[in-house]
Amino acid sequence: MQKLATFKEFTTITRSAPIIRGQHGWRAVALQHLIKLGLPVPQTVALSFETVHGIAGGRIPDVARILSAFDAAPLISVRPSSQDAKWGGPGAVLNIGMTDARYEDMVAELGEAAASALYLRFIQTYAVQVSHLDDDLFDASAPPSRVSVEAALREFEAETEAYFPQDPAEQLEGVLRSMARAWESTSARLLRQARGAPAEAGLGLLVQEMALGVGADESGSGVIQFINPSTGQSQITGRYLSQSQGRDALTDRERAMYLTCDPRGPSLEELCPEVFDMLVVFGESCRTTMRDEVQLEFTIQAGKLAILGAVPVVRSAPASIRVVVALAEDGIITRAEALSRVPPRALNEVLHPRIDPETPRNAIVKGIAASPGAAAGKLVFSSTTAQAMAAQDEACILAKRETTPEDVRGMHAARGILTERGGTTSHAAVIARGLGVPCVVGASEISIDRRTRTMTTADGTVYKEGEIITLDGTAGEVLLGAVPMVEPGRDNAFEAFLGWADDVRDIGVRVNADTPEDAAIARRFAADGIGLCRTEHMFFAADRLTAIREMIFADLPEDRADALRQLLPMQRADFTQIFRIMADKPVCIRLFDPPLHEFLPHDRQGIIELAEALNRPVSDVQRRIDALSEFNPMLGLRGVRLGLTVPEIYDMQARAIFEAALDASEDGTPVEPEIMIPLVSACREVEIVKARVEAIAAAVTTERGGPLSYRLGVMVETPRAALRAGDIARHSDFLSFGTNDLTQMTYGLSRDDAGRFMGSYVRQGVFAEDPFLSLDTEGVGELLKIGAQRGRAERPEMTLSICGEHGGNSESIAFCRAAGFDYVSCSPYRVPLARLAAAQIALKSAHGS
């Protein structure tokens with residue numbers, strides 16, 4: 001056989017050949033690893049990205065020279081080799097070089113059935129991929145025979161008005177051209193971009209001598225891997241099929257045999273024990289040398305083994321974590337590399353149930369994926385119904401036009417949440433992420449009718465309350481009925497993996513936690529503390545809601561004080577429990593923020609019930625509700641503005657915090673609460689609240705006689721607060737940027753309504769990304785930088801953080817780290833993602849990338 005030297009356009013893959021992933025692709029590099037290990041790899045020639053790009057443009061290399069790398073009259077295959085295995089590529093083409101004459105030779109050598117199978121596969125593949133004929137032209141059920149070969153040739157000639165190519169060089173040229181152009185098509189470009197590839201990613205092609213897999217003695221093909229792809233645990237899996245090629249063993253599972261001895265049927269281990277033992281040895285060698293768990297594609301030709309390629313095992317997120325941890329513990333890769341191999345978003349599979357990937361999907365509703373995970377249950381349209389069903393231990397999915405704070409109890413009770421309106425930072429999305437409940441928002445094509453308790457989809461189908469649906473918060477879809485699920489799995493490998501992340505990261509990760517239940521989740525996920533505790537969410541329990549409504553309707557200050565005195569022990573108990581759960585971790589409590597109208601009913605029946613509870617005329621209740629209504633409540637009487645106009649609320653909360661801190665510290669654990677003032681826009685607001693808080697602290701210290709330490713800070717949510725951060729810093733111990741509201745006010749966008757047009761804006765390039773999903777570093781980020789610089793200029797020791805939903809986003813974490821922030825805070829189930837993202841950012845920074 002002739003030796004082919006290295007040329008610019010193509011290279012024979014040998015131990016020492018200059019094969020580079022960025023020029024020839026992952027498959028070429030993998031084959032070179034196999035060759036270096038001494039594995040039986042058929043002769044292979046690699047075409048570079050540049051060569052393949054040229055082929056797509058009409059610059060065909062010297063195919064005769066490529067063919068000269070092989071024995072005379074070779075049968076060859078062409079396989080794709082992109083830079084990353086996940087980016088895919090055109091389908092492989094096998095048996096190039098089959099002609100009428102070669103067919104006759106093979107009939108004599110291998111028999112009519114084997115020779116016919118080889119020629120038929122090539123004719124049909126060439127017709128579809130190169131000549132772009134319809135695959136329905138060929139009878140896939142016809143057994144391989146001379147008759148079926150002749151019929152396929154006639155169909156080809158009838159459709160193309162030309163006889164099937166008989167020159168191997170012409171065949172190879174056609175295959176190379178079709179694969180190169182397929183890679184550069186618009187659809188292929190969009191597909192690989194969706195998989196994370198750059199639009200102009202290159203493709204290499206590998207021309208490899210065929211190991212036939214058909215013929216006399218034992219011949220066939222198969223794949224083998226050495227882990228369970230779902231769990232990552234050691235297990236030999238795969239299939240082998242006699243008289244087959246390529247990956248037929250995976251598509252024809254009825255005829256394929258097992259690899260290891262199995263009572264359910266024959267196995268390769270019994271049929272060819274020596275070949276099986278070789279595969280096991282090869283697998284271990286590949287794991288060590290290729291530094292990953294791989295799947296080997298192999299062929300047996302008359303009892304002789306050939307290894308055609310090695311690809312990383314496609315596996316679930318739990319399996320990926322287990323694999324990289326095992327590789328690191330075995331000294332094959334470093335811990336830093338282990339951390340870099342798992343994308344943060346993959347951890348959602350570990351933390352939430354998900355729909356079985358093998359399940360056929362027929363979505364009846366599509367919306368915005370707002371909180372990951374999946375759940376099935378009966379469709380319900382009110383929070384009251386959701387709570388009633390939960391009390392009976394029945395799973396339900398709560399569907400509403402949009403949720404409000406009074407729906408929180410129902411959201412706790414539901415297994416999933418679906419809303420007609422809203423975006424990724426709407427009320428439903430934020431609360432669902434905090435609860436770890438799957439959520440789909442902005443499903444604008446549905447129509448929910450609460451009166452008739454029905455949901456109508458875009459095609460006019462009406463779904464009634466009680467029908468079972470499955471909600472996929474990861475994909476943003478709703479499926480009809482209950483579908484198979486894969487349960488989440490956190491194990492020792494997961495905990496060790498995130499422990500390694502904590503050793504590396506250099507920015508804190510706290511949690512947004514509103515209740516003791518949330519705090520317990522925060523401890524489980526090893527958050528560095530609570531960065532945002534929204535106290536208003538504690539008020540929606542039935543007994544507390546009555547008290548706060550009495551406070552709202554109080555006509556005299558003493559009546560208001562009476563109502564707040566009812567709430568004081570409740571808040572104190574919650575805070576005490578949270579402090580004890582968090583132990584020595586910091587807890588930042590935001591004072592009351594929402595407008596009061598959120599605690600009042602919006603429908604007639606609710607107003608009547610409230611009038612009865614307060615023993616007031618319905619007309620009085622309606623008048624008070626009308627008086628509290630605002631044209632734009634999110635910019636109205638809320639936050640610090642409410643704290644200044646109804647100061648008794650903040651007084652009660654400050655007292656509850658201080659008394660809880662003293663109660664929780666009785667066991668000797670020091671508690672230093674952080675109190676945060678929301679929606680500040682003027683320095684004087686901080687001065688007034690600070691004076692009242694200091695007075696309450698002094699009173700509690702006198703009454704209880706114990707030492708009291710606390711920190712007071714500001715939630716920067718308005719552009720003016722960011723611009724005046726220097727003034728505000730003089731009266732604050734910390735500044736925490738609430739990027740949800742800050743983004744709304746900077747853009748002049750409602751986060752609840754932006755979902756209606758945000759997709760269109762992103763597609764048209766108006767915004768690079770949804771600014772509520774990924775921090776706008778140019779606009780909102782500039783305000784963060786200004787606020788940080790001016791705050792620290794006044795007080796260099798000032799603690800800086802963000803506590804909006806952006807806190808769990810990798811790009812936002814990188815921005816905050818670069819800007820010198822101390823920590824980010826995010827919803828509980830995003831804490832593990834943020835811990836990993838922070839570690840990866842630190843590692844990239846250390847390596848200068």
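**Close-up 1. N95, a buried residue with a positive phi.** With a relative accessible area of 0%, N95 is buried in this predicted model. Look for it in strand β4, which covers residues 93–96. Its backbone is worth a glance too: phi of N95 is near 70 degrees, a positive value in a residue other than glycine. As background, most residues other than glycine have a negative phi.

**Close-up 2. A526, a loop residue with a positive phi.** Here we visit the loop between α20 (516–524) and β24 (530–534), where A526 is found. Phi of A526 is near 60 degrees, again positive although the residue is not glycine. Is A526 buried, partly exposed or exposed? A526 counts as partly exposed, at 32% relative accessibility.

**Close-up 3. Cysteines without a disulfide.** The structure holds 0 disulfides. C803 is in no disulfide, and the nearest cysteine sulfur, that of C588, is 7.2 Å away. C803 is buried, with a relative accessible area of 2%. Why does C272 form no bond with C261? The closest cysteine sulfur to that of C272 is in C261, and at 12 Å it is too far for a bond, since a disulfide here needs sulfur atoms within 2.5 Å. C272 is buried as well, with a relative accessible area of 11%.

**Close-up 4. A nonpolar patch on the surface.** Three residues, F757, Y761 and V766, form this patch. Together they have about 230 Å² of accessible area. F757 sits in helix α31, which spans residues 755–763, and counts as partly exposed at 30% relative accessibility.

Definitions and conventions
Residues numbered from 1 in each chain as written. Predicted model: local features only at pLDDT ≥ 70, side-chain atom pairs only at ≥ 80, totals over all residues. Heavy atoms only, no water. Patch = residues over 30% accessible without salt bridge, like charges linked within 9 Å, V, L, I, M, F, W, Y side chains within 5 Å. Areas by Shrake-Rupley, 256 points an atom, 1.4 Å probe, with all protein chains shown as cover. Salt bridge = Lys/Arg side-chain N within 4 Å of Asp/Glu carboxyl O. Helix = DSSP H or I, 4+ residues; strand = E, 2+ residues; numbered from the N terminus. Buried < 20%, exposed > 50% of the residue type's maximum accessible area, 1.4 Å probe, protein only.
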